[in-house]
Amino acid sequence: MSTTMIDQHPAWQALREHADTMRDIHLATLFREPGRYPDFSRRAAGLMLDLSKQRWRHETLDKLLDLARAAGVPEAIARLLAGERVNISEDRPALHTALRLPAEARLVVDGEDVVPAVHATLDRMAHIVEQCHAGQWRGATGKAVTDVVNLGVGGSDLGPLMVSHALADYRPRDIHPLEVHFASTMDGSQLADYLTRFNPETTLFVLSSKSFTTVDTLSNARTAQDWLMSHLVNGDGDRDLVQRQHFIGVSASPEKMSEWGIAERNQLEFWEWVGGRYSLWGAIGLPIALAVGMDNFRALLAGAHAMDRHFAEAELESNLPVLLALAGIWNNNFLDIRAHSILPYDGRLEFFASYLEQLEMESNGKSVTNHGELTRYSTCPVLWGQLGPNAQHAFYQLLHQGTQAVECDFIAPMRRYDRVEDEATRRHLKNQHRLTLANCFAQSRVLMLGDEAIDDDGPRPSHKRYRGNQPSTTVLLERLTPETLGSLIALYEHKVFVQATIWDINPFDQWGVELGKKIATQTERVLASREGVEALDESSRGLIEAVWEAESRN
């Protein structure tokens with residue numbers, strides 16, 4: 001099927017011509033025009049978005065908004081939130097937003113209201129959390145669980161890990177001692193460390209896998225199962241007890257959970273219409289709820305829902321996800337900036353960049369349109385990041401004086417440490433937070449202005465000059481709370497969807513990931529059986545034979 005690609009639309013052509021007039025205009029020049037900050041900053045759902053350091057003018061944004069309308073962004077937003085089949089290649093909706101609808105809402109998909117099932121799962125999660133926090137979830141020997149290990153990979157790991165770490169300040173205090181841990185690596189290194197330190201009598205494993213066939217997760221699960229059985233089983237009856245008291249399953253495939261041995265009462269379900277990287281809002285978020293409590297988990301959902309409502313109701317020119325998406329389109333497709341760095345200035349957001357790497361690159365790392373044609377334009381940029389204060393001593397040299405143009409997102413809470421009880425400690429920590437904000441704002445200023453940010457007028461050698469003109473966005477949260485974190489994550493989810501709509505690609509499948517899994521399974525069979533190596537390419541044969549030779553020396 002053939003259709004006109006977006007790069008042939010007059011709105012795209014107008015932007016291309018406009019980019020020629022903007023390409024050599026420095027941000028320092030743009031900031032001599034009055035009113036940039038109020039004109040290019042917006043607030044919604046507990047966030048403040050400053051886009052004034054983007055290399056654009058009002059005319060630029062007007063043309064980008066024309067492009068969004070030409071690509072059908074308003075209609076696409078409505079289809080997404082109404083539960084239409086926006087996941088075209090798999091012919092199903094993408095209903096992660098339904099996971100954060102309030103209980104009184106109603107969303108009918110294929111003749112069924114999905115909200116009651118969503119809240120039934122939340123209620124089952126709450127029951128598990130209450131048992132664990134009260135010390136009532138006991139292992140096979142009757143001792144209360146003290147350690148929970150989430151076994152997952154990709155969206156079943158990165159989202160829960162990121163949120164649990166970000167909301168560590170919100171861990172309930174008056175509960176039975178409980179620590180939540182994460183193991184995702186296929187090689188077993190993370191899990192092996194836990195198994196040397198934890199008590200099998202008091203360890204609970206959560207197996208999180210949408211398909212319940214993911215080899216990484218099931219390999220770790222089998223290792224955990226063998227560890228428990230070797231320490232706790234004395235007879236056949238014990239085996240069933242261990243399986244029942246030490247494993248919870250989270251999957252869209254209840255029959256596979258049952259086949260593996262997960263007791264039905266320990267099964268939490270989510271649905272095929274939730275992509276893995278969008279799944280932290282439901283049962284996959286059980287580790288979050290265990291870490292911070294169910295009330296805070298529900299607050300996280302409420303914050304995301306607030307951003308969903310803003311996304312649905314705000315006009316495009318005031319719509320935070322749309323504006324953030326358009327800044328990326330402008331940089332990527334018209335200014336040829338193909339690298340994007342995520343730079344949080346808050347240690348609690350240590351894993352946020354890693355989370356966004358999957359969200360954005362797995363969603364929009366596509367080169368085929370929804371109509372089956374190869375794109376003639378760039379889609380998702382290469383995205384990476386790190387905590388800003390650490391990155392300043394790592395790759396900021398490249399940002400300031402390297403040869404690559406990079407778009408940066410700076411993220412920080414405006415207020416922190418209000419809850420610290422000791423007055424002297426609170427004062428010192430607030431001073432540190434002020435220093436952190438100063439660094440955050442200073443770095444974006446230097447990236448913008450370059451040499452013009454420096455006060456002295458003396459001549460500088462070329463190796464001490466800074467070109468500036470690097471575009472950036474700053475996202476400020478009033479505080480980092482469950483609500484504002486939910487809003488922040490939803491902001492980026494919707495940004496990804498808007499960009500996918502403009503590029504005419506499907507952000508909800510990941511066939512490239514599936515291919516890698518398939519070939520890995522075939523290769524593992526060759527490694528294990530020592531048969532079929534002759535059918536492989538020369539490099540693969542050489543690598544496999546080198547492994548066999550190493551094994552023969554043991």
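Colleague: Which residue of β11 does Ile342 stand opposite?
Modeller: In this predicted model, Ile342 faces Gly385 in β11.

Colleague: What makes β10 and β11 count as paired strands?
Modeller: Pairing needs at least two bridges, and β10 has four of them to strand β11 (residues 382-385). That clears the bar, so they count as a pair. The two run parallel.

Colleague: And why is β10 described as largely enclosed?
Modeller: Take strand β10, residues 339-344: six of its six residues are buried, so the rest of the structure largely encloses it. Both faces are covered. Ala339, Ser341 and Leu343 are buried on one side, while His340, Ile342 and Pro344 are buried on the other.

Colleague: Now the other sheet. What is the strand order in the open sheet of five strands?
Modeller: The order is β6-β5-β7-β8-β9, and the pairing is parallel.

Colleague: Why are β6 and β9 called edge strands?
Modeller: Each of them, β6 (179-183) and β9 (267-269), pairs on one side only. On average, neighbouring strands of this sheet are turned by 20 degrees against each other, ignoring direction.

Colleague: How do you know that β8 really pairs with β9?
Modeller: Same kind of check: two bridges are the minimum, and three join β8 (residues 247-251) to β9. So they pair. Within that pair, Gly249 stands opposite Gln267.

Colleague: Which helices sit on these strands?
Modeller: Among them is α7 (residues 155-166), lying across β5, β6 and β7 and running at about 145 degrees to β6. Helix α9 (residues 215-232) also packs on the sheet, where it touches β5, β6, β7 and β8, and its direction makes about 160 degrees with that of β7.

Colleague: Arg36 is an arginine. Buried or exposed?
Modeller: Buried: its relative accessibility is 5%, and the cut-off is under 20%. Arg36 lies in helix α3 (residues 36-39). Leaving aside neighbours within four places in sequence, its contacts are Leu30, Phe31, Ser52, Gln54 and Trp56.

Colleague: What makes Arg36 and Gln54 a polar contact?
Modeller: A polar atom of the Arg36 side chain lies 2.9 Å from the backbone oxygen of Gln54. The limit is 3.5 Å, so the distance fits.

Colleague: How many aromatic pairs turn up in the whole structure?
Modeller: The search finds 16.

Colleague: Why is the Tyr194 and Phe198 pair called stacked or edge-to-face, whichever it is?
Modeller: The ring planes are 10 degrees apart, and under 30 counts as stacked, so stacked is the word for Tyr194 and Phe198. Their centres are 5.2 Å apart, and both residues are buried.

Colleague: What makes the Phe395 and Tyr396 pair tilted?
Modeller: Those planes make 45 degrees, which is neither under 30 nor over 60, so the pair is tilted. Phe395 is buried, with a relative accessible area of 17%, and Tyr396 is buried at 2%.

Colleague: Last one: which residues touch the most other members of the largest nonpolar core?
Modeller: Phe352, Leu485 and Tyr492, out of 124 residues in that core. Helix α19 (residues 482-503) gives the most to this core, with twelve residues. Outside its neighbours within four places in sequence, Tyr492 is in contact with residues including Leu324, Phe352, Leu356 and Val475. There is also a second, separate core of 22 residues, with Phe198, Met229, Phe247 and Ile262 among them.

Key. Residues numbered from 1 in each chain as written. Predicted model: local features only at pLDDT ≥ 70, side-chain atom pairs only at ≥ 80, totals over all residues. Heavy atoms only, no water. Core = buried A, V, L, I, M, F, W, Y, C linked by side-chain atoms within 4.5 Å. Buried < 20%, exposed > 50% of the residue type's maximum accessible area, 1.4 Å probe, protein only. Helix = DSSP H or I, 4+ residues; strand = E, 2+ residues; numbered from the N terminus. Contact = heavy atoms within 4.5 Å. Axes fitted to C-alpha atoms, helices over the stretch in contact; angles between N-to-C directions. Polar contact = N/O pair within 3.5 Å; in protein donor to acceptor, adjacent residues only side chain to side chain. Phe/Tyr/Trp six-rings, centres within 6.5 Å; stacked < 30°, edge-to-face > 60°.
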